Amino acid sequence: MILGSMLVSIGISVGFLLGTGLILALLLILAEKKILNYGTCCIDINEGEKKLQVTGGGSLLSSLAENNIFIPSACGGRGTCAYCKVQVVEGGSITGPVEEPYLGPEERKNQIRLSCQVKVRNDLKIRVPKELFSVKKYKGKLLNKRPLTYDIVELRIELLEPKTIDFVAGHYVQLESEEYDGHDRVMRAYSMSSPPSDKNHIELMVRKVPSGICTTWVFEHLKEGQEVVFSGPYGKFHLSNTDAEIIFIAGGSGMAPIWGILRDMKEKGNTRKATYFFGALTQRDLFFVDKLTKLQEEVPWFRFVSALSNEPAESDYKGERGLITDVVARYMPDCSKYEAYLCGSPGMIDACIKVLKKAGLTEDRVFYDKFV
Ligand SMILES: Cc1cc2nc3c(=O)[nH]c(=O)nc-3n(C[C@H](O)[C@H](O)[C@H](O)COP(=O)(O)OP(=O)(O)OC[C@H]3O[C@@H](n4cnc5c(N)ncnc54)[C@H](O)[C@@H]3O)c2cc1C
Ligand code: FES
């Protein structure tokens, strides 16, 4: 009896504390939005190259986007991807706790910040790479949405406004979802699997993430014929200008930029030798095997290796079995003269980099896009 009433009073106290905390947090957000007025602030970019007049109070990332300067922002401003770094030369507040884990000592010294975490409260002077000025916002029409596996769809989008895009194979766009079921619009990064020669279309491969905002929209709400909005192109993931032999490693939707690069290589007559290791769980996760096998037959420079880690031993699957890391280690005992290009989950990429380094590949010859 006594224990019961003690538990009830503890429950009431905890509820009271949580409720008070929630009300205080809401009041702070309201105060920031309604009471504090930062007026118009000037953002000076690259020592006067551009000067923007923006309404204070927003994030640096969104204030720039409203003025058609698109900084990469794969996580849509949540402070988890660290893609949105810019140099804030003057006027930035102190680095916040969300930013701390993503900034190295050299970056802090150079006033690098996550632009999604910097509030525009006063005039700012910033520096951004010039190539970001050529990133544009596009309107397109979804021509085709087709399943590649049970959890990956391919989207083919026709560009409407502007009608063409110039990009380098391996780069990505940021697709904007629409509002649905109480979710705001979000932007997420998707690599282009189409070749740059097709300037009027882009193709993407999107893997369903359970409870993911953008992928649920793509799978359950986005319909063929519908208008889509994206910005781009972004990225640093592309083939280097050397003739070193290539190791590609990617599974699932990580294939998107690799497929784009392979199509581009074929079209341009690039004959750099390349082996593509496609890691997956079972046969139902494999796709494009026919296309990759055909490419292997058509050109002498390409080899395709699939590896399944969970495929039942008695199945009719003819490819390699085991973890992708073990298969790569078996095929590539000495990687010292290669370059490696990896795409997919951070865990897969980190595990593969360890194997490649053990086989003699130096870090400056490893390139990757982690799908965070
Ligand atoms: C350069 C780059 C290229 C990429 N290319 C591709 C590609 O070609 N194909 C592809 O499929 N993907 C790609 N991605 C990944 C893609 O951008 C998205 O991250 C992915 O599709 C998930 O988006 P979402 O909105 O569906 O999920 P989100 O809503 O972002 O959720 C992702 C996960 O985080 C959890 N989560 C949701 N909200 C929060 C929160 N507030 N705090 C913590 N966790 C939360 C969710 O439960 C879920 O497990 C790429 C990423 C990068 C960085
Ligand atoms: S947009 Fe992802 S960390 Fe800023």
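# Salt bridges, burial and contacts

User: How do you know that lysine 85 and glutamate 107 form a salt bridge?

Analyst: The closest N and O atoms of lysine 85 and glutamate 107 are 3.0 Å apart. A salt bridge needs a side-chain nitrogen of Lys or Arg within 4 Å of a carboxyl oxygen of Asp or Glu, so this pair qualifies. The two residues come from distant parts of the chain, 22 residues apart: lysine 85 is in strand β3 (residues 85-90) and glutamate 107 in helix α3 (residues 105-109). Helices (H or I, at least four residues) and strands (E, at least two) are DSSP runs, numbered from the N terminus.

User: What should I keep in mind about the model?

Analyst: It is a predicted model: local features need pLDDT of at least 70, side-chain atom pairs count only at pLDDT 80 or more, and totals for chains, interfaces and linings use all residues. Residues are numbered from 1 along each chain as its sequence is written, chains are lettered from A and ligands numbered from 1 in the order in which they are written, and side-chain values use heavy atoms, leaving out hydrogens and water.

User: Why is lysine 85 called partly exposed?

Analyst: Its relative accessibility is 28%. Buried means under 20% relative accessible area, exposed over 50%, and partly exposed in between (1.4 Å probe, protein chains only). Lysine 85 therefore falls in the middle class, and so does glutamate 107, at 24%.

User: What makes aspartate 198 and arginine 156 a salt bridge?

Analyst: Their closest N and O atoms are 3.4 Å apart, so the pair passes the same distance test. This pair also links distant parts of the chain, 42 residues apart: aspartate 198 sits in the loop between β9 (187-191) and β10 (201-207), and arginine 156 in strand β7 (residues 152-161). Both belong to a network of salt bridges that links Arg156, Asp198, Glu203 and Arg263. A search of the whole structure finds 21 salt bridges.

User: Arginine 185 and glutamate 176 also meet in a salt bridge. Why is glutamate 176 called buried?

Analyst: Glutamate 176 has a relative accessible area of 12%, so it lies below the cut-off for buried residues. Arginine 185, at 42%, is partly exposed. Their side chains meet at 2.9 Å, N to O.

User: How do you know that cysteine 352 is buried?

Analyst: Its relative accessible area is 2%, so cysteine 352 falls in the buried class. You can find cysteine 352 in helix α8 (residues 346-358).

User: Which residues is cysteine 352 in contact with, leaving aside its neighbours within four places in sequence?

Analyst: Those residues are Ile249, Ile324, Thr325 and Leu342, where contact means heavy atoms within 4.5 Å. Cysteine 352 and isoleucine 324 are 28 residues apart in sequence, with their C-alpha atoms 7.9 Å apart in space.

User: Why is glycine 279 called partly exposed?

Analyst: At 22% relative accessibility, glycine 279 is over the limit for buried residues and so counts as partly exposed. Glycine 279 lies in strand β13 (residues 274-280). Leaving aside neighbours within four places in sequence, glycine 279 is in contact with residues including Ala250, Gly251 and Ala307. Between glycine 279 and alanine 307, the C-alpha to C-alpha distance is 4.9 Å, although they are 28 residues apart in sequence.

User: How many helices and strands does the protein chain have, and what share of its residues is buried?

Analyst: There are eight helices and 17 strands, and of the 372 residues, 45% count as buried. Among contacts between residues at least 6 apart in sequence, 68% join residues at least 24 apart.
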